[in-house]
Amino acid sequence: MLFDTYILVDWSAATTPKIGRDSIWICRLGPSGETVANPPTRHAARALLAEMLAQAAADGERVVAGFDFPFGYPVGFAARLGLGGTPWRAVWDEIARLVEDRADNRNNRFLVAAQLNERVSHAAFPFWGRPVRLDHAFLGPKHHRRHEAEGLHEKRLIDNWMIGAQPCWKLIGAGSVGGQVLTGLPVVRALRDDPRWAAQARVWPFETGLGLGPEARIVFAEVWPSWWKPCAKLGPPKDRAQVRTVARIFAAADRAGVLAAWFSPDIGDADPRRVIDEEAWTLGVIA
């Protein structure tokens, strides 16, 4: 088997502490059994995940940690922001620099999106969606329909493969994931760079390519729990059932010897550098 421990995270961009439905749920499935947690804040979730990873590293376990939000933006975003270096990492570093996320869940994700819009287009593009109370010249309440004209894709390659996947630019409304990306990437970045295990941690596929080598002992990947039907008896709520279901699916796939293939998906005739350098891929989504 590839892994000893499987961690699945259902993220939330809530602006106040929250538990239950539409909040953060974490499932850890490992040699000692299953742990399910519902931390009320992102700060609490980050601390709990760090504890889980520290214990796994101390025990010599190999871990895959899946987070239910995109790890990248459509190709060209870093360049439009004027960022140098490896595109995915430059975007992660810039978002971590800009996002302020307090211990009580208050955060500035909408203002960050507006600032990024101003830098990309000096207009309300590419991000959209904001609370009614927020009026901002560089962030509109509805879809701007400007992607074709502006030359920046609405969706990543993988988002076009998955029916129902929402654009990372969408910050509010049904199925929106943009807020989770802005608040989640800084947490994954901090966990990946933790000096206690940074030397053996990798972000798939950005740091591994479309595969997985033995040096990756702690692997971070994006997942989309809605790709699978949750087992209702593992809830309620649905979020709890989803993380528990997907953790079990990953473990079962590993036992069956097929999980390794998920790290080397067939992307057709697409340029692999688009996936590896900028957009990422969703673990478990194969042709």
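**Exercise 1. State how much surface the protein chain of this predicted model exposes, and what share carbon and sulfur atoms supply.**

Solution. The exposed area of the protein chain is about 12,100 Å². Carbon and sulfur atoms account for 51% of that area. On the residue level, 56% of the 287 residues count as buried, the cut-off being under 20% relative accessible area.

**Exercise 2. Decide how the radius of gyration of the protein chain stands against the globule rule.**

Solution. Begin with the secondary structure: the chain has 10 helices and six strands. Its radius of gyration is 18 Å, and the globule rule gives 19 Å for 287 residues. The two values are close, so the chain is as compact as a globular protein of that length. Along the principal axes, the C-alpha trace spans about 50 × 45 × 35 Å. Next take the contacts between residues at least 6 apart in sequence: 64% of them join residues at least 24 apart.

**Exercise 3. Identify the residues that touch the most other members of the largest nonpolar core, then follow tyrosine 73.**

Solution. The largest nonpolar core holds 56 residues. Phe67, Phe71, Tyr73, Phe77 and Phe220 touch the most other members. Leaving aside neighbours within four places in sequence, tyrosine 73 is in contact with residues including Val91, Ile95, Phe127, Trp169 and Leu185. Its contacts also include Arg156, Glu278 and Glu279. A second, separate core has 32 residues, among them Val64, Ala165, Val219 and Val243. In soluble globular proteins, nonpolar side chains tend to be buried together.

**Exercise 4. Count the charged side chains and locate the centres of the two sets relative to each other.**

Solution. There are 35 positive and 32 negative side chains. The centres of these sets lie 6 Å apart.

Notes
Residues numbered from 1 in each chain as written. Predicted model: local features only at pLDDT ≥ 70, side-chain atom pairs only at ≥ 80, totals over all residues. Heavy atoms only, no water. Helix = DSSP H or I, 4+ residues; strand = E, 2+ residues; numbered from the N terminus. Rg over C-alpha atoms; globule rule 2.2 N^0.38 Å. Buried < 20%, exposed > 50% of the residue type's maximum accessible area, 1.4 Å probe, protein only. Contact = heavy atoms within 4.5 Å. Areas by Shrake-Rupley, 256 points an atom, 1.4 Å probe, with all protein chains shown as cover. Lys, Arg positive; Asp, Glu negative; His and termini not counted. Charge placed at Lys NZ, Arg CZ, Asp CG, Glu CD. Core = buried A, V, L, I, M, F, W, Y, C linked by side-chain atoms within 4.5 Å.
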